[in-house]
Amino acid sequence: MRNFVRENSLSLFFATIFLTTLVGQSFAGQHAYSAEQVEQGGSAVSWLTYVTSAHYWGAVMENWQSEFLQFSLFIGATIWLVQKGSNESKPLGDKGLESDERQRVGSHAGPESPLWARGGGLRTRLYENSLLLTMGVIFLATWLAQSLNNWRTFNQEQRERSEAQLSWVRYLIDPDFWEKTLQNWQSEFLAVGSMAVLTIYLRQRGSPESKPVGAPHDETGSSG
Amino acid sequence: LCSPKRGNRSTVKAVFVLYVVLIAAGILAAVLVALAEA
């Protein structure tokens with residue numbers, strides 16, 4: 001057990017704070033939503049009602065989709081785009097998909113290489129893009145889930161105001177959906193761009209997200 | 001000879017599965033809630 005925690009402390013730490021904050025969001029959201037309902041002449045909702053509401057899951061999925069979009073774009077963009085001096089970038093001369101030898105695929109695979117990296121062909125093509133494909137699919141699924149939940153919430157608010165309901169397809173071009181989407185995207189794009197740029201001049205000793213403290217400012221991708 | 005390596009792989013496999021389950025459960029819950037609010 002101690003070995004398990006030692007080998008997986010990073011992912012266990014993030015899983016723990018993820019679940020803690022998800023529960024925290026549900027309680028804070030329940031109180032905020034209830035206060036809003038009471039203010040509008042309605043009644044407070046229970047925690048169980050709130051965690052099974054479109055309001056809660058719309059808020060959760062809004063943030064999930066933008067995080068998975070951020071990482072999908074980061075994975076994809078860093079194949080071809082570089083930033084001199086950044087720890088988040090490959091060296092300037094390594095732009096592109098790189099050679100089979102460097103990537104250890106097909107005949108260059110070793111005995112410990114994953115099975116799908118060895119054979120070549122369609123399975124290897126699929127496996128060599130599996131991270132971006134998976135993150136991209138999760139982004140699309142969470143964005144879809146966000147749209148469905150935001151749509152339900154939007155229509156519920158329309159009902160309360162005795163205004164017209166929208167179809168899901170119509171909601172997809174409504175400013176309400178795009179305001180909720182873009183407010184999350186813009187912050188992710190700034191954060192990724194900041195990581196790419198700030199790691200040129202700033203350091204964090206001991207973190208693989210930083211270049212070594214004594215690395216020159218124009219050294220690119222030195223912690224790999 | 002292989003057992004320590006196999007042991008390491010199974011511990012990382014456990015966290016991989018944990019994250020896949022967390023993500024899938026979240027998306028599934030969100031979609032089901034939206035569909036149930038019909």
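**Figure 1. A:Arg161 and A:Glu163 meet in a salt bridge.** A:Arg161 is partly exposed, with a relative accessible area of 47%. That value falls between the cut-offs of 20% and 50%, so the residue is called neither buried nor exposed. Its partner, A:Glu163, is also partly exposed, with a relative accessible area of 41%. The two side chains come to 3.8 Å, N to O. A:Ser162 takes a positive phi of about 55°, just after helix H8 of chain A. The model shown here, as in every view, is predicted.

**Figure 2. A:Glu98 and A:Lys90 form a salt bridge.** The N to O distance is 3.0 Å. Is A:Lys90 buried or exposed? A:Lys90 counts as buried because its relative accessibility is 17%, and the cut-off for buried is under 20%. A:Glu98 has 26% relative accessibility, so it counts as partly exposed. The structure holds 6 salt bridges over all chains, and this pair is one of them.

**Figure 3. A:Arg170 pairs with A:Asp174 in a salt bridge.** The closest N and O atoms are 3.5 Å apart. A:Asp174 counts as buried, at 9% relative accessibility. A:Arg170 is partly exposed, with a relative accessible area of 37%. So this bridge, too, joins a buried residue to a partly exposed one.

**Figure 4. A nonpolar patch lies on the surface.** Which residues form the patch? They are A:Leu115, A:Trp116, A:Leu126, A:Tyr127 and A:Leu133. Together they have about 490 Å² of accessible area. Two elements of chain A each give two or more residues: helix H6 (115-118) and helix H7 (121-128). A:Leu126 lies in helix H7 of chain A. At 46% relative accessibility, A:Leu126 counts as partly exposed.

**Figure 5. Helix H8 of chain A runs from residue 130 to residue 160.** This helix has 31 residues. How far apart are its end C-alpha atoms? They are 45 Å apart. At 1.5 Å a residue the helix should span 45 Å, so the two values agree.

**Figure 6. Helix H10 of chain A packs against other helices.** Helix H10 covers residues 175-201 and has 27 residues. From first C-alpha to last it reaches 39 Å, close to the 39 Å expected at 1.5 Å a residue. Its buried residues include A:Phe177, A:Trp185, A:Val192 and A:Ile200. Polar residues are also on the buried list, among them A:Asp176, A:Asn184 and A:Glu188. What do the buried residues pack against? Their partners are helix H4 (54-80), helix H8 and helix H9 (168-171) of chain A. An α-helix has 3.6 residues a turn, so residues three or four places apart point the same way. Keep that in mind when you look along the buried residues of helix H10, such as A:Thr181, A:Trp185 and A:Glu188.

**Figure 7. The setting of the close-ups is chain A, with 10 helices and 0 strands.** Along the sequence the pattern reads α-α-α-α-α-α-α-α-α-α. The C-alpha trace spans about 65 × 40 × 40 Å along its principal axes. The radius of gyration is 23 Å, whereas a compact globule of 224 residues would have one near 17 Å. Of the 224 residues, 35% count as buried. The chain exposes about 13800 Å², and carbon and sulfur atoms supply 64% of that area. Among contacts between residues at least 6 apart in sequence, 51% join residues at least 24 apart.

Technical notes. Residues numbered from 1 in each chain as written. Chains lettered and ligands numbered in written order. Predicted model: local features only at pLDDT ≥ 70, side-chain atom pairs only at ≥ 80, totals over all residues. Heavy atoms only, no water. Helix = DSSP H or I, 4+ residues; strand = E, 2+ residues; numbered from the N terminus. Expected span 1.5 Å × (residues − 1). Patch = residues over 30% accessible without salt bridge, like charges linked within 9 Å, V, L, I, M, F, W, Y side chains within 5 Å. Areas by Shrake-Rupley, 256 points an atom, 1.4 Å probe, with all protein chains shown as cover. Salt bridge = Lys/Arg side-chain N within 4 Å of Asp/Glu carboxyl O. Buried < 20%, exposed > 50% of the residue type's maximum accessible area, 1.4 Å probe, protein only. Rg over C-alpha atoms; globule rule 2.2 N^0.38 Å. Contact = heavy atoms within 4.5 Å.
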